[in-house]
Amino acid sequence: MYQDVILPLIESANVQLVVADRWQSIKLLSDVRDECNIEAEQYSLKYADFVDFKMVFTAGKVTIPKPEMKAAEIESAGDEAYPAGFSMKPISHFCYQLITVQDVEKAVIKGDGSTDDILRAAVLAQ
């Protein structure tokens with residue numbers, strides 16, 4: 001993933017800062033700093049970050065491409081062998097994560113049996 005996706009993306013898009021929210025990414029961030037000579041930081045998302053994202057998203061200040069699937073298809077694809085139902089459909093997968101994450105006692109948690117990685121990347125990018 002690092003060699004085939006992240007490095008080419010950094011080079012082709014002239015990336016100057018890489019941020020990751022998981023402690024498991026520490027080696028990746030170190031490699032980016034050393035090999036690409038750019039800034040790389042670890043940031044742990046806080047509940048307030050999700051609240052801010054929700055406010056700007058619902059206010060229409062964040063836009064996304066049209067999902068590859070219709071709303072009913074998105075919901076049912078999550079019932080299939082998750083996440084296989086979203087293969088090659090990242091926007092629909094993101095929409096699924098938007099509707100399945102849960103706000104529980106001032107914490108945002110992924111839905112039952114699903115992931116929240118695309119949503120976390122969007123919140124982190126805000």
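Where do K27 and D31 lie, and how many residues apart are they? Hi everyone, let me start there. Both residues are in helix α2, four residues apart, which is about one turn of the helix. Their side chains meet in a salt bridge, with 2.8 Å from N to O. Before I go on, please keep in mind that what we have here is a predicted model.

Now, are these two partners buried or exposed? K27 is exposed, at a relative accessible area of 57%. D31, on the other hand, counts as buried, because its relative accessibility is 17% and the cut-off for buried is under 20%. So this bridge pairs an exposed lysine with a buried aspartate.

Let's stay with the charges for a moment. How many salt bridges does the structure hold? The count is three. We have met the one between K27 and D31, so let me turn to R120.

R120 sits in helix α6, which covers residues 117–125. One of its partners is D21, and the closest N and O atoms of that pair are 3.3 Å apart. D21 belongs to the loop between β1 (17–20) and α2 (26–36). That puts the two residues 99 apart along the chain, and the pair links distant parts of it.

R120 also has a salt bridge with D116, where the N to O distance is 3.0 Å. And which residues do the shared partners join together? D21, D116 and R120 become one network that way.

What I like here is how the accessibilities line up. R120 has 15% relative accessibility and therefore counts as buried. D21 is buried too, with a relative accessible area of 16%. D116 comes in at 4%, so D116 is buried as well. If you are following on your screens, put R120 in the middle of your view, with D21 and D116 as its partners.

Right, on to the rings. The structure holds four aromatic pairs, and I'll show you two that involve Y82. With F86, Y82 makes an edge-to-face pair: the centres are 6.2 Å apart and the angle between the planes is 75°. Both Y82 and F86 are buried.

With Y96, the picture changes. What are the distance and the plane angle for Y82 and Y96? The centres are 5.5 Å apart and the planes are at 40°, so this pair is tilted. The reasoning is simply that edge-to-face needs planes over 60 degrees apart and stacked needs them under 30, so 40° lands in the tilted class.

This pair also links distant parts of the chain. Y82 is in the loop between α4 (71–77) and α5 (90–100), while Y96 is in helix α5, 14 residues apart from Y82. The relative accessible area is 18% for Y82, so Y82 is buried. For Y96 the value is 9%, so Y96 is buried too. Taken together, Y82, F86 and Y96 form one aromatic cluster.

While we are at Y82, have a look at the backbone. What kind of peptide bond joins Y82 and P83? The bond is cis, and omega is about 5°. P83 is also found in the loop between α4 and α5.

Two more backbone spots deserve a mention. N37 is not a glycine, yet its phi is positive, at about 55°. This asparagine lies in the loop between α2 and β2 (39–42). With a relative accessible area of 72%, N37 is exposed.

E105 is the other spot, again not a glycine and again with a positive phi, about 50° here. You will find E105 in the loop between β3 (102–103) and β4 (108–109). E105 is exposed, with a relative accessible area of 76%.

Last stop, the surface. Which residues make the nonpolar surface patch of about 230 Å²? The patch is made by L17, V19 and Y43. L17 is found in strand β1, and it counts as partly exposed because its relative accessibility is 44%.

To recap, then: a network of D21, D116 and R120, an aromatic cluster of Y82, F86 and Y96, and a cis peptide bond between Y82 and P83. Thanks for listening!

Definitions and conventions. Residues are numbered from 1 along each chain as its sequence is written. This is a predicted model: local features need pLDDT of at least 70, side-chain atom pairs count only at pLDDT 80 or more; totals for chains, interfaces and linings use all residues. Side-chain values use heavy atoms; hydrogens and water are left out. Rings of Phe, Tyr and Trp (its six-membered ring) pair if their centres lie within 6.5 Å; planes under 30 degrees apart count as stacked, over 60 as edge-to-face and the rest as tilted. Buried means under 20% relative accessible area, exposed over 50%, partly exposed in between (1.4 Å probe, protein chains only). A salt bridge is a side-chain nitrogen of Lys or Arg within 4 Å of a carboxyl oxygen of Asp or Glu. Patches are made of residues with over 30% relative accessible area and no salt bridge: like charges are joined within 9 Å, nonpolar side chains (Val, Leu, Ile, Met, Phe, Trp, Tyr) within 5 Å. Accessible areas come from the Shrake-Rupley method with a 1.4 Å probe; for residues, only the protein chains shown count as cover.
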